[in-house]
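Dear colleague,

I am handing over the structure we spoke about, and you will find it just below. Please look at it first on your own, and then read my notes with the structure open beside them.

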Amino acid sequence: LLLVVVFAVSASAQDKPADVFAKSKDIQVTLSSISLEKYGPAKEDKTFKAGETVFINLELKGLQANDQGQVVVQADISVPQLSLDRKNLIDGSTGAEDVVPMYFQIPIGSVQKGGTCFVKITIRDMVAKTSVEYNTTFKLATK
């Protein structure tokens with residue numbers, strides 16, 4: 001029932017050409033937390049350091065189900081400050097629910113420069129052929 005993302009994604013899934021998707025008026029994305037664990041409590045200062053993993057925990061509403069009662073989702077993530085740009089990081093289906101949880105796991109390697117990291121997540125509803133963009137931030141500390 002969960003859509004899960006881990007950074008180890010096969011290279012073949014990243015180069016698929018994306019269809020053109022209309023901007024969704026139905027998909028609602030809510031941030032549950034930015035934390036140190038999957039679906040964990042929010043890290044109040046949203047500051048992470050080398051060796052930690054950032055979990056961006058989201059809840060999705062308004063996804064359209066297919067004839068088999070499944071929602072089919074693809075998602076991309078971009079974090080320019082970490083030179084991260086992954087397409088189709090999530091590419092799967094799950095049972096249709098009112099609220100579908102989703103998380104993104106971002107391991108932090110060495111940190112040369114602290115500051116704010118901007119995160120852009122693009123979520124595509126493959127049944128409705130619509131998409132939505134969600135933006136958030138977290139901080140990096142050098143120590």
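**What was found**

Of the 143 residues in the protein, 42% are buried. Please keep in mind that this is a predicted model, and that the values in these notes were computed from it.

Let me begin with the overall architecture. The protein has nine strands and zero helices, so that reading along the sequence gives the pattern β-β-β-β-β-β-β-β-β. Among the contacts in the protein with a separation of 6 or more, 69% are between residues 24 or more positions apart. The accessible surface comes to about 7800 Å², and carbon and sulfur atoms account for 48% of that area.

Next comes one of the sheets. Three strands form an open sheet in the order β2-β4-β7, and their pairing is antiparallel. The edge strands are β2 (28-35) and β7 (100-107), each of which pairs on one side only. On average, and with direction ignored, neighbouring strands of this sheet are turned by 20° against each other. If you follow β2 to strand β4 (residues 53-61), you will find that the two pair in the antiparallel sense over seven bridges, and that Ser35 stands opposite Phe55 in β4. On the other side of the pairing, β4 and β7 are joined in the antiparallel sense over eight bridges, where Ile56 has Phe104 in β7 as its bridge partner. Although β7 is an edge strand, six of its eight residues are buried, so β7 is largely enclosed by the rest of the structure.

Which strand gives the most to the lining of the largest pocket? The answer is β8, with three residues, while β7 and β8 each supply at least two residues of that lining. The space in the largest pocket is about 240 Å³. It is lined by 17 residues, of which Gln81, Leu82, Ser110, Cys117 and Leu140 are the closest to its centre.

Strand β8 (residues 115-125) also holds Gly115, which is a useful residue for seeing how parts of the chain that are separated in sequence can meet. Gly115 and Lys139 are 24 residues apart in sequence, yet their C-alpha atoms are 5.4 Å apart in space. Leaving aside residues up to four places away in sequence, Gly115 touches Phe138, Lys139 and Leu140. Is Gly115 buried, exposed or partly exposed? Its relative accessible area is 30%, and because this value lies between the limits of 20% for buried and 50% for exposed, Gly115 counts as partly exposed.

Finally, there are two residues whose backbone angles deserve a careful look. Most residues other than glycine have a negative phi. Lys46, although not a glycine, has a positive phi of about 50°, and Lys46 lies in the loop between β2 and β3 (47-48). Ser83 is not a glycine either, and has a positive phi of about 50°; you will find Ser83 in the loop between β5 (70-79) and β6 (84-95). As for accessibility, Lys46 is partly exposed at 28%, whereas Ser83, at 73%, counts as exposed because its value is over 50%.

With best wishes

Conventions. Residues numbered from 1 in each chain as written. Predicted model: local features only at pLDDT ≥ 70, side-chain atom pairs only at ≥ 80, totals over all residues. Heavy atoms only, no water. Helix = DSSP H or I, 4+ residues; strand = E, 2+ residues; numbered from the N terminus. Buried < 20%, exposed > 50% of the residue type's maximum accessible area, 1.4 Å probe, protein only. Contact = heavy atoms within 4.5 Å. Areas by Shrake-Rupley, 256 points an atom, 1.4 Å probe, with all protein chains shown as cover. Pairing = 2+ DSSP bridges. Axes fitted to C-alpha atoms, helices over the stretch in contact; angles between N-to-C directions. 1 Å grid on protein atoms, 1.4 Å probe; cavity = no way out; pocket = protein on both sides within 12 Å on 5 of 7 lines; lining within 4 Å. Points joined across faces, edges and corners; volume = space filled by probe spheres on them.
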